[in-house]
Amino acid sequence: MTTSPSTSITTPSRHSLERRLKEVKVSKSDLNALVMDYLDREGYPSAAQKFASEANIQPTSSVDSIQERVAIREAIYRGDIQSAIERINELNPMLLEKDETLHFALLRLQLVELIRSCGLTSTDDPTPAINFATTELGPRAETNPQFLEDLERTMTLLMFEQKDLPPQYATLLDRKLRVDVARRVNEALFTEQVERTKTKLSLLIHLHVWAEQKFVEGNKELPAYLRFWHVLDNDNQGNDHDGMQSSGEAATMASEPAARIEEV
Amino acid sequence: MANNPPYGSSGPPSNAYAVLTNLIPRRSSYASVAAGNLNTYNQSLISTSRPGTFSHLANPNSPSPSYSHDQHSNQSARRSHRSSETDTHMHDNASVPGSWGKGSLGNDSGQYGFGQFYGMAGNEDDANGGDFFVPSYLRHSKHVERLHQAHEAKTTAQREAPPTQAKGTGALSSRSSNASLPKLAPSHRGMTYEVVEHPPPEDNGGLTPLPSKWAEADKNQAIEIGPDGLEVHFVGGSKMHDHEGAATRTDHPIPVQVGIYYYEATITSKGKDGWIGIGFSGPKVSLERLPGWEPESWGWHGDDGNTFCCQMTGKRYGPTFTTGDVVGCGINFMTGSAFFTKNGVHQGNAFRDLKDINVYPSVGMKRPHAQVTVNFGQRPFVFDIDDMMKREREVISEAIIATDISSLHSHIDENSFVKELVAQFFAHDGFVETAKAFADEVRAESRALEPDVDMSHSNVSIEEDLDGTNRQQIRAAIMDGDIDKAIKRTHAYYPQVLRDQSQVYFRLRCQKFVEMIRQTAELLEPHPAQAAKPLNGHGEGHMDAGQTEMEVDDPKNEVEEWDKMEMEEADISVKYTELLEETIQYGQELKQEFQDDSSREAAFKEIFSLFMYEDPRKSPQAHLLDRASRVPVAEELNSAILVSLGKSSSAAIELLYQQTEALVDILAEEGGAGALINVRKDFLR
């Protein structure tokens, strides 16, 4: 329903955004807690320990418990899925039983690793991989169409020479699959304790981008200085020569916000 | 007696030395001042010319009207048309137990300081001063959190102002009314200086309180408001024409910043034919109509169950309502829609396209014996609005998590991006050891994944950071209170910083002065309140059960403590005088060095006011002596050094936090989805 213009409330302007920025009181303890949460959840025990002492705060988990999760991550990164599964079962015996999808993802990764280690040339013997697939994965795949599809796709790897792999199958051998599975395991181990699966830091980044999008949807101009991440390029310019590939444009924008924020 | 400033019990000392030697004997007058009457105290302060030393240091402008006077006049100004009941009223309230601080944020139903409506029904502008309630569905609201903080700050200030003044805030008092200081212009904000340990009150002008009751000044004369401010009944005649009615609005408009607003009305008596309208309307809408009949007004009418949207013609909506029914009215500012409920049941959307509206809850009636009582959230609602709010929040939260953030890190994957943020934070804030450990672990992680591949191209590289170590040492020196060391090191490593950034240099110098004051004060025994105690009580005094909150427990002080115990009383006295003289000399040099810069006045006044107190650790300015006060100094210097190196003054994560809060705030300002987000509560806890 239309209303007379006299009642319309003031539209926030660029000015009010700057005012808001000035008003925000960043709490150092919030920031430290945010970072500690990250180190804990993402598994950096020695950094967490140092940070606790340097920032004079309490660690959120013990170094040992972070270390247990790190060991699982490293086993998966190495491709040693068997030992990862054993460690998970030690840490949380019910987890894989309850989360069949996660269990299947691990087993399938194990199959991929078997295929990789069997070699992918016509002269290699694929028997261990086939045995594993039929005993461990086959029965589970029957219960779930998605599992079945994933299994079939994985088995297709055996039909190709490694160098001839079509791109859609090559991704299975990408190490990224290990990273993904390790991340899912880590999140699952955490979801048991707290509800959120992501780190606070990650949530905050999502919130920033979400808010930006809403801002733009509301036809509001988004000032360049709101791109906090440009600070990275800016700070890395002087001392980072390993190819951060910060584009010239980004760098120019970054130096300007730095100056503006400083006033704030 | 009782009216003397601390330094003036035996007449104002005539020179600096007199101030020094008088410091200790002053104790008795201090106590008497503490017990004294504040108004007369302030007056006597004005008539007393400032003693020698202090007037050199502080602004020599003669103090004008006393603080307490200012404060009251501002209070009354805020109470606008109620100017006659000024300070006495305020103090009366302060002395009534339970008058203040009822209904905290976490409150559940039932604890809402409700009785205040009766006690203060005549005092309209006390709505956010006396009673404060949080409707259960708005417990997460950032806006309500702000209102709550403002309310707390205000009540705390009111509660604490008298005793604070009695303790002798002479310097501050005259300062806050000193016309030469634009930043401290006489306003109620002056009060924030008195209660600095509390969050400063929000500027109430910028915050719209929640509607809390019907407004006497905004009702039709055919309506009478009950003593609780919530009940209204019709007192007009029975001869109203069809197009006539009588309506009322609330004390405050609905703040769109809450995202969703909801209130309920119980029809205690339908009147002759149930001709009652429940809804909301703009501030200028005629009160001689039912809500919905005029432009800028919307309502649901009990006689026919129709909704009316800015016109006399109704639209089929829901059932009729009558005596005993509870009718709820909700506005969703995020979707621009409104709905009604009846006895806890949602009746569906009633209005759409409500854009840029500024409305008040409103009810209207037109037949004798009609009576309605509303609930603005002081009590639990019949309809489960909490659940609706929860679901809305979940939807938003899912959308946030589902947001694609790849635009932020086009050149690397998300994990590496976040790692970079974290690494930059450590490097920036000078967590050198953590930065190293993190870099090592990140490298180990990469090696575990791909032992054969050189990962350096896709990785966070944190080199041994000499610069970081330097900055860390400078920070550590400030945190230890060793400002000289910090200045020396900064000079050595970053000579341009202190040269170019005079503000930072000035702050360091001021901190040095504060540290000197603190060292001097620590020679006093720890309990200035126990005036009768001789000087030698200091050693164990720190340890016993009566220790004060001013006690500082860092290791350095323990050493000093030990040194002190080794000294004879006489030595302490000599040392005290020496230190005090040194401090005063340092202060004078400081003043001289920066005398041309009028922008330093406020800072000077603040730190030099520490001289006013026999034991500054017990003064209202004691926060300056806190270890925590070193943190901002250390951070400002760190930022200045980083800027001088061409880097950002804030870590990326800090900017992320700051920007996100600001963005969400702006989104909330228009009642958008941001209104349902409380960044700290939802994302940082």
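Two strands are said to pair if DSSP finds at least two bridges between them. With that in mind, the tour below moves through a predicted model, beginning with chain B as a whole.

**Chain B**

Select chain B and colour by secondary structure: 23 helices and 14 strands appear. Of the 685 residues in this chain, 57% are buried. Among contacts in chain B with a separation of 6 or more, 70% join residues 24 or more positions apart. The accessible surface of chain B amounts to about 28,000 Å², and carbon and sulfur atoms account for 51% of that surface.

**Strand S11 and its neighbours**

Next, select residues 337-342 of chain B, which form strand S11. How many residues of S11(B) are buried? The count is 6 of 6. In a regular strand, side chains alternate between the two faces of the sheet. In S11(B), Ser337(B), Phe339(B) and Thr341(B) lie on one side, and Ala338(B), Phe340(B) and Lys342(B) on the other; both faces are covered.

Add residues 326-332, strand S10 of chain B, which pairs with S11(B) in the antiparallel sense over 6 bridges. Asn332(B) has Ser337(B) as its bridge partner. The two strands make a hairpin with 4 residues between them, and in the turn Gly336(B) has a positive phi of about 70°.

Then add residues 345-351, strand S12 of chain B, whose antiparallel pairing with S11(B) runs over 4 bridges. Here Phe339(B) is bridged to Asn349(B). This second hairpin has 2 residues between the strands, and Asn343(B) takes a positive phi near 50°.

**The interface with chain A**

Now show chain A together with chain B. In this interface, 87 residues of chain B are in contact with 80 residues of chain A. The size of an interface is often given as the accessible area lost when the parts come together. Chains B and A bury about 7,800 Å² between them, with 66% of it on carbon and sulfur atoms. Select Leu449(B), Gln659(B) and Leu663(B): these residues supply 8% of the area that chain B buries against chain A, more than any other three residues.

Polar features come next. Between chain B and chain A there are 8 salt bridges and 22 residue pairs in polar contact, with both residues at pLDDT 80 or more. Which helix gives the most to the side of chain B that touches chain A? It is H22(B), with 17 residues; this helix spans 652-669. Other elements that give two or more residues to this side include helix H10 (385-402) and helix H12 (432-449) of chain B.

To finish, display the side chains of Lys28(A) and Glu654(B), which meet in a salt bridge at 3.2 Å, N to O.

Terms used:
Residues numbered from 1 in each chain as written. Chains lettered and ligands numbered in written order. Heavy atoms only, no water. Buried < 20%, exposed > 50% of the residue type's maximum accessible area, 1.4 Å probe, protein only. Contact = heavy atoms within 4.5 Å. Areas by Shrake-Rupley, 256 points an atom, 1.4 Å probe, with all protein chains shown as cover. Buried area = accessible area lost by both parts, 1.4 Å probe. Salt bridge = Lys/Arg side-chain N within 4 Å of Asp/Glu carboxyl O. Polar contact = N/O pair within 3.5 Å; in protein donor to acceptor, adjacent residues only side chain to side chain.
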